[in-house]
Amino acid sequence: MGFAVAELLSAQGAGVVVNGRDADAAEAAAKQISGVAHAGSPADSDVADALVGTCVAEFGRIDILVNCAGTAEPHGSSILNVTSAEFHELLDAHLGTVFETCRVAAPRMVAQGGGAIVNTSSFACLGDYGGTGYPAGKGGVNALTMAIAAELREHRVRANVVCPGARTRLSTGPEYERHIADLNRRGLLDDVSAHGALDVAGPEYAAATYAYLVSDAARDVTGRIFIAAGGFVGEFSRPTPDFLGFRDHHASPPWTGAELHQMISGG
């Protein structure tokens, strides 16, 4: 997914720094698009500092930050069996990389008068696929990006999220297919969703949405969560509370359990 975005942005004239934990893979990807490689995990603050520093040293500034980090949960992972180490590793891979790179890039973008950030989340943030650190990390990406967008709007720095559906290393192979079949068997995924998870388009279809969001055409688009999966483009509505009940706390006691039950369950 990250390579598809880097390839498209390079084709559109951007100078690109490619990051990945595997140095050989990062070098190979950068060579394919005449970009620059910087290996390491940006969840490490020193790597994030050096990564953004490489971009500024090579190109004089940083106008775009795209986070496409992701790693799969251990097979069969759930709150019933995940270890603390596994959970924190997943949070680092998904949320830690976003925080550290934004921490470094955002002040530079503000200082230069603008910029665009696109972070990668997932439908998994809804919890429909089960798991622990993966949905927690992606939900955190959504919330952090919305907060960044709100804070940086006045500085002409925009931040958005893409939840892609694409055939990648994480969504290919017998183990992935068994995982989707198991979720369907357990009732976590309905038949339509399970079929969609197995029949996904290539990453180039989702990459176009990333490229649009960092372009000048999207200068007024910020603080939004988009879906890009094959031929489908959508958006998650911003959560808003539904009204269940109200009483004036100056004149009324706290709600009783029976009253809360009536409001919440209708029983």
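# A walk through the model, starting at F236

Select F236 first: its relative accessible area is 23%, which makes this residue partly exposed. What you have open is a predicted model, so treat every value below as computed from the predicted coordinates.

**The whole chain**

Zoom out and colour by secondary structure. The protein chain has nine helices and seven strands. Along the principal axes, its C-alpha atoms fill a box of roughly 65 × 50 × 35 Å. Switch on a surface: the protein chain exposes about 14,700 Å², and 54% of that area is supplied by carbon and sulfur atoms. Of the 267 residues, 40% count as buried. Turn to the contacts between residues at least 6 apart in sequence: 66% of them join residues at least 24 apart.

**The aromatic pair**

How many aromatic pairs does the model hold? The count is one. Show F123 alongside F236: the two rings are edge-to-face, 5.6 Å centre to centre, with 65 degrees between the planes. The edge-to-face label applies because the angle is over 60 degrees. Now follow the backbone from each ring. F123 is in the loop between β4 (115-120) and α5 (133-152), while F236 is in strand β7 (residues 232-236); the pair links distant parts of the chain, 113 residues apart. F123 is partly exposed at a relative accessible area of 30%.

**One step back along β7**

Next, select E235 and R224. Their side chains form a salt bridge, at 2.8 Å from N to O. E235 belongs to strand β7 and R224 to the loop between α8 (203-213) and β6 (225-229), so this bridge ties together parts that are eleven residues apart in sequence. Are these two partners buried, exposed or partly exposed? E235 is partly exposed, with a relative accessible area of 37%, and R224 is also partly exposed, at 35%.

**Around R247**

The model contains five salt bridges. For another of them, select R247 and E259, whose side chains meet at 3.2 Å, N to O. R247 is in the loop between β7 and α9 (257-265), and E259 is in helix α9, so the pair ties together parts that are twelve residues apart in sequence. R247 is partly exposed, with a relative accessible area of 22%; E259 counts as partly exposed at 29%.

Keep R247 on screen and add W255. The charged end of R247 sits over the ring of W255, 3.9 Å from the ring centre. For a second charge over a ring, select K138 and Y134: K138 lies over the face of Y134, at 5.7 Å from the ring centre.

**Helix α4**

Move to helix α4 (residues 84-112) and pick out E100 and R103, which both lie there, three residues apart, about one turn of the helix. Their side chains form a salt bridge with an N to O distance of 2.7 Å. The partners differ in burial: R103 is partly exposed, with a relative accessible area of 33%, whereas E100 is buried because its 12% falls under the 20% limit.

**The nonpolar cores**

Hide the charged side chains and turn to the interior. Which members of the largest nonpolar core touch the most other members? They are M1 and V18, in a core of 26 residues. To see where this core comes from, display α1 (2-11), α2 (23-32), β4, α8 and β6, the elements that each give two or more residues to it. The largest share is from α8, with five residues.

Centre the view on V18 and show its surroundings. Leaving aside neighbours within four places in sequence, V18 is in contact with A6, A26, A29, A30, I33, V36, A37 and H38.

Then select C55, A106, M109 and A159, which are among the 21 residues of a second, separate core. Grouping of this kind fits a wider pattern: in soluble globular proteins, nonpolar side chains tend to be buried together.

**Last stop: T209**

Finish on helix α8, which contains T209. Is T209 buried or exposed? T209 counts as buried, because its relative accessibility is 13% and the limit for buried is under 20%. Show what surrounds this residue: not counting residues up to four places away in sequence, T209 touches V162, A228 and V233.

Technical notes: Residues numbered from 1 in each chain as written. Predicted model: local features only at pLDDT ≥ 70, side-chain atom pairs only at ≥ 80, totals over all residues. Heavy atoms only, no water. Phe/Tyr/Trp six-rings, centres within 6.5 Å; stacked < 30°, edge-to-face > 60°. Helix = DSSP H or I, 4+ residues; strand = E, 2+ residues; numbered from the N terminus. Buried < 20%, exposed > 50% of the residue type's maximum accessible area, 1.4 Å probe, protein only. Lys NZ or Arg CZ within 6 Å of the ring centre and 35° of its normal. Salt bridge = Lys/Arg side-chain N within 4 Å of Asp/Glu carboxyl O. Core = buried A, V, L, I, M, F, W, Y, C linked by side-chain atoms within 4.5 Å. Contact = heavy atoms within 4.5 Å. Areas by Shrake-Rupley, 256 points an atom, 1.4 Å probe, with all protein chains shown as cover.
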